[in-house]
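Got the viewer open and a selection box ready? Let's take a walk through this one, stop by stop.

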Amino acid sequence: MARLRVASAAVAVTIVATAALAEERTAPAEGTARLEQVASFEHQVTGVTVSTDGRIFVNFPRWTEDAPISVAEVTRDGRIRPYPDGEWNAWRNARKNQMSAGDHFVCVQSVVADARGNLWVVDPAAPATAAVVQGGPKLVRIDLKTNKVAQVIRFDEIVAPQGSYLNDVRFSPDGHHAYLTDAGAKGALVVVDLQTGKARRVLDGHPSTQPEKDVVVKTDGRELRRPDGRWVEFAADSIALSPDGRTLFWKALTGRTLYRISTEALNDPRLSKDTLEARVQSAGVTEPTDGLWIDRRGRMYLSAIERDAVHVRDGDSVATLVQDKRLRWPDTFSEGPDGTIYVTSSRIQDMSWFKPENGPRLTTQLWRLEQTGTRRP
């Protein structure tokens, strides 16, 4: 999810056995995938990632509550445990002046496991998508073998200024670069040299990273607005990288245009602002989306937030993979080692921002897609 303008050490989750889901599964129409619940959480989840050895990690941002855990591993016994440890997860908004923002998770937006045995954590450090906590924005690398933090790349106010909200990240196949979206007040991309830790903010304010003014997000058949009538604007949010690492795709959530650029251009700090902007291309028109993912076969998955659905784009063809009323605001995708696609539903349209009667806490879910085919949306 993008920026919106305008307990205990272990928290139980429900891991649902396949057999127990027989009555709850979507009755698939011909050519659709089967939606299977993996876990249910007591707090609002956004990110999910699955490592090469099948470990599942999730994260819980501090949007409407002071979440007790920011990053967690889903364990085999049906619980989540703070990851990599309790100390990194010890931050609380209520203790802001007592804790260092640089070595604690402040407000984590996404987690991504790479192919080299690392878990990366994106921390925009802006609770409630409001003010950025000084010294908090960072990209954290955790070694999955040792379960220890191995690298912290901190972003200064040039890369992550006030009003920013770093959203999601993708990694080049050679492990040299990371690419992030900034879904904040002024959308941008961030390119990180992972060997030096140097980061550059690019396409800052460029039309490709901004909300499209004629787009209004609709859920449940009506415009998504706050009680005072304000609608929502989401800047650069969705991001995906081609399997060969040569092309980066992104779009504003409050937008329909998908953009692309060669990573060769992004990686070259010598290119002028105008030259880089001239390399941006339109890659087609979609609908408002949150998460994007490109699988090993080169198919792009799109979270159709207005339809409670997941669409898949194969070449120029777009089809519905699954549509289910339980899939409220499909948020983030990940691909397991066997090719299974996982997706979180973060229920953003049910938040107290839009429905004050719901209160600060939401129960959310993690799903996997058992694919049997696709049909036209």
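How many of the 377 residues of the protein count as buried, as a percentage? The figure is 60%. Keep in mind as you click around that this is a predicted model.

**The whole chain**

Start with the cartoon view. The protein has two helices and 28 strands. Switch on a surface and you have about 15,300 Å² exposed, with carbon and sulfur atoms supplying 46% of it.

**The sheet around strand 10**

Now select residues 138-143, which make up strand 10. Colour by accessibility here: five of the six residues in strand 10 are buried. Add residues 118-123 to the selection to bring in strand 9, which runs antiparallel to strand 10 and is joined to it by six bridges. To check the register on that side, pick D123, which sits opposite K138 of strand 10.

Next, add residues 148-154. That's strand 11, and it pairs with strand 10 over six bridges, again in the antiparallel sense. On this side, R141 stands opposite Q151 of strand 11.

**Backbone oddities**

While you're here, look at the turn. Four residues lie between the strands in the hairpin of strand 10 and strand 11, and N147 takes a positive phi near 60 degrees there. Most residues other than glycine have a negative phi, and most peptide bonds are trans. Here are some more exceptions to click on.

- Select A128, in the loop between strand 9 and strand 10. A128 isn't a glycine, yet its phi is positive, about 65 degrees. With 34% relative accessibility, A128 counts as partly exposed, because that value falls between the 20% and 50% cut-offs.
- Jump to W329, in the loop between strand 25 (317-323) and strand 26. W329 also has a positive phi without being a glycine, at about 55 degrees. Its relative accessible area is 0%, so W329 is buried.
- Then show Y83 and P84 as sticks. The peptide bond from Y83 to P84 is cis, with omega near 0 degrees. P84 belongs to the loop between strand 7 (79-82) and strand 8.

**A buried histidine**

Is H43 buried or exposed? Select H43, in the loop between strand 3 (34-41) and strand 4 (48-50), to see where it sits. H43 has 5% relative accessibility, which is under the 20% cut-off, so it counts as buried. Now show E65 as well: a polar contact of 2.7 Å joins the side chains of H43 and E65.

**An exposed aspartate**

For a contrast, go to D274 in helix 2 (residues 273-278). The relative accessible area of D274 is 57%, over the 50% cut-off, so D274 is exposed. Draw a C-alpha to C-alpha distance from D274 to L203: you should get 9.5 Å, for residues that are 71 apart in sequence.

**The largest pocket**

Time to look at the open space. The largest pocket has a volume of about 720 Å³. Which residues should you select to find the centre of the largest pocket? Try A113, D114, A115, F171 and W293, which lie nearest the centre among the 31 lining residues.

Several strands contribute to that lining. Strand 4, strand 8 (110-113), strand 9, strand 12 (166-171), strand 18 (236-241), strand 22 (289-294) and strand 26 (330-335) each give at least two residues. Colour the lining of the largest pocket by class and you'll see 14 nonpolar, ten polar and seven charged residues.

**The second largest pocket**

Move on to G54, I56, V74, T75 and R76. Of the twelve residues lining the second largest pocket, these lie nearest its centre. The space in the second largest pocket is about 280 Å³. By class, its lining has five nonpolar, two polar and five charged residues.

**The largest cavity**

The last stop is the largest cavity, with about 60 Å³ of space. Select N167, D168, D237, D290 and T332, the closest to its centre of the 13 residues that line the largest cavity. The elements giving two or more residues to this lining are strand 12, strand 18, strand 22 and strand 26. Those four strands also each supply at least two residues to the lining of the largest pocket, so keep them displayed as you flip between the two views. By class, the cavity lining divides into three nonpolar, six polar and four charged residues.

Technical notes
Residues numbered from 1 in each chain as written. Predicted model: local features only at pLDDT ≥ 70, side-chain atom pairs only at ≥ 80, totals over all residues. Heavy atoms only, no water. Buried < 20%, exposed > 50% of the residue type's maximum accessible area, 1.4 Å probe, protein only. Polar contact = N/O pair within 3.5 Å; in protein donor to acceptor, adjacent residues only side chain to side chain. Pairing = 2+ DSSP bridges. 1 Å grid on protein atoms, 1.4 Å probe; cavity = no way out; pocket = protein on both sides within 12 Å on 5 of 7 lines; lining within 4 Å. Points joined across faces, edges and corners; volume = space filled by probe spheres on them. Nonpolar A, V, L, I, M, F, W, Y, C, P; charged D, E, K, R; others polar. Areas by Shrake-Rupley, 256 points an atom, 1.4 Å probe, with all protein chains shown as cover.
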